[in-house]
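Open the model in your viewer and keep the selection tool ready. The tour goes from one selection to the next and says what is there.

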Amino acid sequence: MENVKIQDLFSFHFLSSLTLSPDKTRAALVVQKANGKDNDYDGDIYLYEIASGAVRRLTSQGDGKSYTWLDDTTLIFPSAKRNKALTEASKKGEPWTVYYSIDVTGGEAVEFMRVPLSVTAVKPLGGDLFALTAKYNKYAPDLHSLCGEEKEKAIADRKAEKDYEVLDELPYWSNGAGFVNKDRNRLYLFDKSTGKLTPVTAENETVGLLKTKDGKLLYISTSYDDILDQASGLYLYDIASGEKKTLVCQDEDLKLGYADFLRDKIIVAATDRKAHGMNTAYNFYVVGEKGLELIAENDYSIASTLGSDVKLGKYGGYHTSGDSLFFITTRGHANHIGKVTLGCDKVELIGEPIGSIDDFDLGDDCFYFIGQRGMRLPELYSLCGKEEKRMTSFNEEYFTAHAIATPEPCFFENDGITLEGWVIPPYGYDPSKKYPAVIDIHGGPKTAFGTVFFHEMQAWAGMGYFVFFMNPRGSDGRGDAFAELRGAYGTYDYDDLMKFTDAVIAKYPAIDTARMGVTGGSYGGFMTNWIIGHTDRFACAASQRSISNWVSFSNTTDIGYRFGDDQMAANTWDNVEKMWWHSPLKYADQVKTPTLFIHSDEDYRCWLVEGLQMFTALKLHGVESRLCMFHGENHELSRGGKPNHRIRRLDEITNWFEKFLK
């Protein structure tokens with residue numbers, strides 16, 4: 001069998017966007033593969049026939065990365081590849097989204113409709129009527145309403161304005177989107193037969209979720225003119241009358257995570273963020289005559305927070321059936337499907353605690369989900385009762401041909417708490433020999449590691465490294481109290497990681513303690529920066545998309561003005577000393593560890609300046625260091641970055657380890 005290699009990224013199939021047809025007889029999903037030549041991902045829509053188990057590809061041009069069921073046998077999907085003229089017009093500022101339809105029983109894709117907007121989501125309402133959300137900026141000229149010289153002048157003016165940015169609100173930029181001043185996600189009605197667009201929401205309102213039923217639109221949105229907060233409102237719009245009803249006021253300071261129709265009621269997931277700040281879990285409510293009525297308290301996530309570097313595309317999933325809402329939740333180091341039922345005040349868990357559930361839908365008698373099981377890469381599975389079955393084999397050839405190690409548990413106690421960690425021994429591990437080792441730290445911090453396939457970890461194990469990882473306090477999966485880290489970054493979480501390292505060394509004497517490295521991204525990057533300023537036990541470090549200075553982070557990044565204050569329990573003006581105490585940059589003069597920094601110039605979540613500050617400090621203090629900056633990439637480099645950049649990133653880190661640990 002072959003070892004897992006860095007270049008294997010080009011062999012993986014990435015599965016996402018699972019939905020069943022309205023009659024529940026078919027499942028559609030998106031399958032993507034890395035394309036090194038174009039430095040992009042080709043994505044196509046596949047169909048799974050539930051009765052026969054047959055799998056077939058519906059699209060073949062690499063542009064099927066999202067879709068919507070129109071009816072039992074028809075899908076519509078947007079494509080920017082098939083109409084070059086409109087694609088060029090969109091680049092010049094005249095937005096178009098062109099949808100194509102395809103009959104799943106046979107036939108080629110044909111143009112279905114053109115929408116003169118940059119559409120982000122579409123919902124069929126019957127006949128030629130659609131609800132959709134689309135990008136909107138009140139300062140942008142409406143090129144669709146212009147023609148001739150007037151349009152050419154507007155295009156020229158728009159091109160000239162790209163030489164500068166005007167900022168008058170927060171956030172002014174957003175990771176993965178660039179500068180977003182006055183950008184909103186606006187809700188519209190669109191009549192395909194006439195081309196008429198009717199705005200439903202205001203110019204300053206941005207929509208985060210949309211559901212439709214019986215001629216009504218249910219949506220969560222936030223209105224703002226100056227500073228975007230996490231507070232949101234819930235609204236119901238009657239299409240026939242045009243009447244808008246407020247169900248939950250935005251000024252109630254609630255953060256709404258989800259809402260849906262549930263029989264004759266509306267179910268809502270909401271948090272007041274009081275107990276544990278912005279990371280406080282969502283409780284479940286129904287909309288009553290006097291506001292929200294609690295139906296079930298909840299102490300856990302309502303989405304998958306399990307880390308992996310082989311997920312790509314749209315994930316998630318919330319579905320209603322009968323009296324119940326179903327959703328994904330992280331418990332411990334695995335995912336379940338959670339169930340909330342009217343009249344029952346507890347969340348029920350469905351499925352075994354093994355691996356991930358990344359996306360799912362409800363059949364008549366079964367659940368269907370995309371997930372990672374038994375160290376496999378993502379596949380489609382069914383769960384009927386308690387029987388789970390793999391339905392596809394997109395990555396099976398790779399799985400059977402490669403030596404993929406199952407992480408071995410290394411649980412330990414600290415401060416009276418049992419903590420979960422794992423170790424992947426090197427391929428061909430011989431206990432009588434000595435090996436280098438790497439500790440990998442997850443982001444978040446409110447996310448979790450589990451026993452799923454992680455490309456980078458398996459590649460390092462294949463090259464002769466021990467790889468170990470854990471869920472320190474601050475991680476997800478064990479309730480809000482366990483995840484509480486506000487005002488404590490670098491304290492008990494650091495202690496957990498160091499004592500875990502001690503436990504791993506004690507259990508695996510073959511680890512050469514003089515040849516250990518540390519790496520991590522985002523929160524893991526912060527912790528890598530923190531570790532090298534507080535111990536020199538690691539021979540090298542690779543800090544990725546990190547935080548080094550809470551003062552600069554809080555006042556420059558897209559979420560910093562909320563996240564920094566909340567997580568530090570301090571701000572620049574009230575207690576800058578505390579923010580500085582928790583900043584790795586404060587301790588940079590104590591660093592002795594050779595450190596590689598990985599950053600992207602469009603990462604507005606952990607901005608480039610965070611890495612530059614730490615890199616500069618290490619250089620000034622004579623510590624061997626290197627910074628690799630990726631142009632055109634953002635915070636998702638390691639998970640969704642361009643394929644060749646992902647390879648270069650992993651090469652950079654691996655070469656750094658090879659230099660100092662081999």
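Which residue in β22 is the bridge partner of isoleucine 267? Valine 286 is that partner. Before selecting anything else, note that this is a predicted model.

**Stop 1: β21, β22 and β23**

Select residues 265–271, which make up strand β21, together with residues 283–288, which make up strand β22. These two strands pair in the antiparallel sense, over four bridges. Isoleucine 267 and valine 286 can be labelled as an example of bridge partners.

Now add residues 291–296, strand β23. Five bridges join β22 to β23, and the two run antiparallel. The connection from β22 to β23 is a hairpin, made through two residues. Label glycine 288 and glycine 291: they stand opposite each other, with glycine 291 in β23. Strands of a sheet pair through backbone hydrogen bonds, either parallel or antiparallel.

**Stop 2: an open sheet, β6 to β9**

Next, select β6 (68–71) and β9 (110–115). They are the edge strands of an open sheet of four strands, ordered β6-β7-β8-β9, with antiparallel pairing. Each edge strand pairs on one side only. From one strand to the next, the twist averages 30°.

Between the edges, select β7 (residues 74–78) and β8 (residues 97–103). Five bridges join this antiparallel pair. Leucine 75 has isoleucine 102, in β8, as its bridge partner.

**Stop 3: another open sheet, β10, β11, β14 and β15**

Four strands form this open sheet in the order β10-β11-β14-β15, and the pairing is antiparallel. Select β10 (119–124) and β15 (196–199) to see the edge strands, each of which pairs on one side only. The twist here averages 30° from one strand to the next.

Add strand β11, residues 129–137. β10 and β11 pair in the antiparallel sense over five bridges. One of the positions to label is alanine 121, whose bridge partner in β11 is threonine 133.

**Stop 4: threonine 201**

Continue to threonine 201, in the loop between β15 and β16 (205–213). Is threonine 201 buried or exposed? Threonine 201 counts as buried because its relative accessible area is 3%, and the cut-off for buried is under 20%. Show its side chain and the backbone of leucine 187: a polar atom of that side chain lies 3.0 Å from the backbone nitrogen of leucine 187.

**Stop 5: charges over rings, and phenylalanine 360**

Select arginine 184 and tyrosine 224. Arginine 184 lies over the face of tyrosine 224, at 3.7 Å from the ring centre. Then select lysine 311 and tyrosine 315. The charged end of lysine 311 sits over the tyrosine 315 ring, 5.6 Å from the ring's centre.

Keep tyrosine 315 selected and add phenylalanine 360. The two residues are 45 apart along the chain, and their C-alpha atoms are separated by 8.5 Å. Phenylalanine 360 lies in strand β28 (residues 356–362). Its relative accessibility is 0%, so phenylalanine 360 counts as buried.

**Stop 6: β38 and its neighbours**

Select residues 466–470, strand β38. How many of its five residues are buried? Five of the five are, and the strand is mostly covered. In a regular strand the side chains alternate between the two faces of the sheet. In β38, Phe466, Phe468 and Met470 are on one side, Val467 and Phe469 are on the other, and all are buried.

Add strand β36, residues 421–424. β36 and β38 pair in the antiparallel sense over four bridges. Here tryptophan 422 stands opposite phenylalanine 469 in β38.

Then add strand β37, residues 435–441. β37 and β38 pair in the parallel sense, over three bridges. Isoleucine 439 stands opposite phenylalanine 468 in β38. Follow the chain from β37 through helix α4 (residues 455–462) to β38: this β-α-β crossover is right-handed.

**Stop 7: the aromatic cluster**

Finally, select Tyr489, Tyr523, Phe526, Trp530, Trp550, Phe553, Phe563, Trp581 and Tyr587, and show their side chains. Ring pairs link these residues into a cluster. With ring centres within 6.5 Å as the rule for a pair, the count comes to 44 aromatic pairs.

Note on methods: Residues numbered from 1 in each chain as written. Predicted model: local features only at pLDDT ≥ 70, side-chain atom pairs only at ≥ 80, totals over all residues. Heavy atoms only, no water. Buried < 20%, exposed > 50% of the residue type's maximum accessible area, 1.4 Å probe, protein only. Pairing = 2+ DSSP bridges. Right-handed = clockwise from strand over helix to strand, strands pointing away. Axes fitted to C-alpha atoms, helices over the stretch in contact; angles between N-to-C directions. Phe/Tyr/Trp six-rings, centres within 6.5 Å; stacked < 30°, edge-to-face > 60°. Lys NZ or Arg CZ within 6 Å of the ring centre and 35° of its normal. Polar contact = N/O pair within 3.5 Å; in protein donor to acceptor, adjacent residues only side chain to side chain.
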